[in-house]
Amino acid sequence: MSNAIEVQRITKRYGQKVAVDDISFEVRRGEIFSLLGPNGAGKTTTIRMILDIIKPDSGTIHVLGAPFSEETKKRIGYLPEERGLYKNVPLVELLSYIGTLKGMRRREAEQRAAQLLDELDLGAYKKGKVRELSRGMSQKVQFAATIIHRPELLIIDEPFAGLDPVNTEIIKNMIFRLRSEGATIVMSIHEMHQVEEMADRLLMIHQGRRVLYGEVDEVRQRYAENAVIVSGQGNWAALRGVMRVQPDETGRNVTLYLDNQTTPDQVMAELANSPNYSVRSFAIAVPRLNDIFIRVAGGEAKIAASVPSMAEVRS
Amino acid sequence: MRALWLVFHFETMRQLKRLGYLLVTFGVPIAAVALFLLFRVLGSSAAEAGTGGRGDSPLGANVLGEGAISEDSPLAQARPMGFVDHSGLLGNVPTLIRFSSEEAALNALKNGEISAYYVIAADYLQTGKVEAYFQRFNLGSLSDVAIRQALLSALIRQADLAPQKLALLQARTLDVTPIAIGEVASQATENTNLLLANVFAILLLFTALTTSGYLLQSLTEERENRAAEVLLSALRPRDLLFGKFLAMNVLALLQTTLWIGTALFLLSQAAGILPDLSGIALRADQVIVLVIYFVLGYLFFSSVYAIISALTANFREGTQLSVVVILPAMLPFYLSVAFINTPNEALPVLLSMIPITAPLAMTLRASVTSVPLGEVLLSAALLSLTIVACVWLAARLFRVNMLLSGRPPKLRDVLRLVSERA
């Protein structure tokens with residue numbers, strides 16, 4: 001089976017500015033794919049080209065196995081970052097209108113709209129209007145409008161923006177359920193912990209160019225430094241091979257940066273054999289996506305500046 | 001096509017449920033009928049009071065006093081009419097006053113002794129021509145029953161039943177040509193034409209602007225509530241544009257039809273009160289041109305407003321920008337006197353060819369004269385091409401502005417996005 005999205009060397013220029021510069025990637029069927037990048041990186045332009053809202057200057061895009069067509073639209077759900085709905089239309093009527101535009105029959109769309117509103121804890125507002133809802137509720141209605149027609153491919157831009165933790169969890173569970181039902185999900189998102197938790201693979205765009213691409217775990221490993229995270233008691237800086245010690249915000253965990261001649265196994269053996277240390281947990285340090293994002297988007301200098309030196313830790 | 005229909009259906013039903021639309025559409029006719037009934041009730045009361053004051057005197061020439069009734073009042077028609085017979089056919093006519101010369105009749109008319117007089121031409125038997133002179137031209141008051149009866153009687157009395165006389169008896173006993181005297185009468189005739197022309201012009205403008213207002217509101221809505229991109233992922237911009245375009249036009253047409261229907265009904269009920277309008281008649285060619293330009297004008301204004309709505313971020317900006325179109329479009333209206341007096345001169349013809357002024361210019365001209373076919377075809381062709389171009393541009397701009405998501409478009413954005421592949 002072909003990939004859900006295949007993008008080959010697309011470029012888009014606006015005058016002198018290159019919004020998207022020779023980007024290629026693929027989104028596999030059934031995966032959650034995260035599209036990352038700082039503001040203005042070219043994510044929205046890329047999404048709009050995938051959705052055929054604008055055309056690339058060069059390159060090719062295949063969506064669900066073929067070049068984009070009007071029929072393709074009916075198989076895609078899209079939640080844009082700039083989003084809103086008609087404010088004065090009853091919710092079921094509004095959602096069923098979107099559903100019919102996506103190819104559903106009116107009766108089927110109405111039933112599905114009512115069902116989705118129930119699932120999103122909005123059952124009491126079926127006859128209500130968007131203008132009567134809170135921002136979080138409106139966001140959930142937006143999400144319902146995106147998935148009402150059970151899309152094969154879901155492209156969602158900042159799906160958790162404006163949602164409290166409870167509603168975030170509801171939407172997240174619906175995304176997982178859609179994936180389990182076979183849908184492919186492309187997520188543009190800034191909450192890196194959500195990417196770590198949800199995404200299978202990612203693409204990071206910076207200044208229109210592809211800077212990170214691959215499995216989430218593999219990318220994190222790629223950026224992993226030679227370090228371990230431990231919690232417990234002892235003089236960590238005195239361990240052989242430790243170059244730098246960095247406690248986390250809670251003070252309970254400490255990251256030990258090792259020199260090139262020392263492996264995590266050696267550190268673990270020394271800790272186990274030395275009576276001067278009491279260890280509650282030990283793990284190989286893998287950088288958080290947030291750090292990788294800042295490092296790539298903001299430059300290595302910012303990362304370096306944010307890390308305290310060994311001397312600072314020791315003092 | 002299905003998407004266009006869905007948009008059309010959704011927009012139509014949504015607007016039909018809006019209180020504002022319902023109030024304007026049905027409230028105006030209801031208010032008009034209510035006002036009419038109120039005036040009628042008040043009028044009846046006043047008439048009853050007036051009749052009581054005058055007693056039971058019949059409305060005749062020798063009974064009604066001058067000055068008791070205004071010149072414009074329908075009751076002024078109760079004054080007698082006169083006639084001058086150059087043909088020698090007529091004897092005394094019971095309900096008409098005979099004058100020996102036109103000069104005497106004219107003096108009587110000017111003095112208010114009579115409301116009108118007929119002049120039977122010397123060659124009446126050959127031409128059937130009778131002229132009617134009025135102090136104030138008034139189509140509704142033209143009742144030629146008395147003179148018609150008198151002439152018919154005279155012809156029958158002759159009874160030689162020559163073919164020409166038979167024809168006159170059967171079809172055209174007389175062909176009355178109304179002629180107004182002096183400046184007052186001339187002005188009255190002009191006013192009638194002006195009134196007719198202005199009624200059509202205002203009707204066109206009013207309908208077009210009402211529609212355009214709805215359209216402007218509707219087409220800026222998605223950008224104001226940020227629903228644009230959601231909808232663009234489901235349908236083509238042109239389906240959204242045309243669906244809304246059709247829906248708003250149907251709604252405006254419904255509203256206009258209801259209003260015009262109510263107005264016509266009220267006019268028919270008020271025929272006795274407004275006799276000036278009862279005799280207005282247009283030739284078929286005039287009607288055709290008026291209908292063509294009503295439709296074209298309507299589409300032109302709608303398409304221009306579609307462009308305006310695509311160029312602006314919200315309804316308020318659109319309303320402000322629309323002045324740029326409305327002012328030049330109304331130019332013929334400001335020059336309507338020139339259109340009435342010299343409808344086929346250079347200026348009216350020129351303005352009939354310029355698309356933005358053509359709808360009103362042609363409406364004004366066609367109300368008062370027969371516009372040459374060549375000019376109609378050329379003007380209509382230019383206007384139609386402009387409409388097509390406007391709709392095309394509106395669709396492109398609409399797509400552009402949808403992508404800008406409520407941000408006011410800069411000229412370079414517009415040029416860039418319009419020229420790029422859709």
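In this predicted model, the backbone nitrogen of B:Gly88 lies 3.3 Å from a polar atom of the side chain of B:Asp85. A second backbone nitrogen, that of B:Leu90, is placed 2.7 Å from a polar atom of the B:Asp85 side chain. The residue that receives these two approaches, B:Asp85, belongs to strand β1 of chain B, which runs over residues 81-85. Although B:Asp85 is buried, no salt bridge is found for it, and the nearest side chain of opposite charge, that of B:Arg98, is 4.4 Å away. Because a salt bridge requires a side-chain nitrogen of Lys or Arg within 4 Å of a carboxyl oxygen of Asp or Glu, the pair formed by B:Asp85 and B:Arg98, at 4.4 Å, is not counted as one. When residues up to four places away in sequence are set aside, B:Asp85 touches B:Leu90, B:Arg98 and B:Ile120.

The chain that holds this aspartate, chain B, contains 17 helices and five strands. Of its 422 residues, 45% are buried. Among the contacts in chain B that join residues at least 6 apart in sequence, 71% link residues at least 24 apart.

The interface between the two chains was examined next. In all, 31 residues of chain A are in contact with 31 residues of chain B. The size of an interface is often expressed as the accessible area that is lost when the parts come together. For chain A and chain B this buried area is about 2,900 Å², and carbon and sulfur atoms give 55% of it. One salt bridge is found by the rule across this interface, and it is formed by the side chains of B:Lys17 and A:Glu93, with a distance of 3.5 Å from N to O. Four residue pairs in polar contact, with both residues at pLDDT 80 or more, are also found across the interface of chain A and chain B. On the side of chain A that touches chain B, the elements giving two or more residues are β1 (5-14), α2 (70-73) and α3 (91-101) of chain A. The largest share of that side, five residues, is provided by α3(A). By residue class, the side of chain A that touches chain B divides into 13 nonpolar, six polar and twelve charged residues.

Within chain A, two residues were considered in the loop between β6 and α6. One of them, A:Leu163, lies in this loop, which is bounded by β6 (153-157) and α6 (165-180) of chain A. A:Leu163 has a relative accessible area of 14% and is therefore buried, since buried means under 20% relative accessible area. Not counting residues up to four places away in sequence, A:Leu163 touches A:Gly136, A:Gln139, A:Lys140, A:Thr168 and A:Ile171. The C-alpha atoms of A:Leu163 and A:Met137 are separated by 8.3 Å, while the two residues are 26 residues apart along the chain.

The other residue, A:Glu158, is likewise placed in the loop between β6 and α6 of chain A. The phi angle of A:Glu158 is near 50 degrees, a positive value in a residue other than glycine. With a relative accessibility of 7%, A:Glu158 counts as buried. A positive phi of about 50 degrees is also found at A:Gln207, although A:Gln207 is not a glycine. This residue, A:Gln207, is located in the loop between β8 (201-206) and β9 (209-215) of chain A. At a relative accessible area of 62%, A:Gln207 is exposed, whereas A:Glu158 is buried.

Methods
Residues are numbered from 1 along each chain as its sequence is written. Chains are lettered from A and ligands numbered from 1 in the order in which they are written. This is a predicted model: local features need pLDDT of at least 70, side-chain atom pairs count only at pLDDT 80 or more; totals for chains, interfaces and linings use all residues. Side-chain values use heavy atoms; hydrogens and water are left out. Contact means heavy atoms within 4.5 Å. Buried area is the accessible area (1.4 Å probe) that two parts lose on being put together, summed over both. A polar contact is a pair of N or O atoms within 3.5 Å; within protein, one must be able to donate a hydrogen and the other to accept it, and residues adjacent in sequence count only if both atoms are side-chain atoms. Helices (H or I, at least four residues) and strands (E, at least two) are DSSP runs, numbered from the N terminus. Ala, Val, Leu, Ile, Met, Phe, Trp, Tyr, Cys and Pro count as nonpolar, Asp, Glu, Lys and Arg as charged, and the others, Gly among them, as polar. Buried means under 20% relative accessible area, exposed over 50%, partly exposed in between (1.4 Å probe, protein chains only). Lys and Arg count as positive and Asp and Glu as negative; His and the chain ends are not counted.
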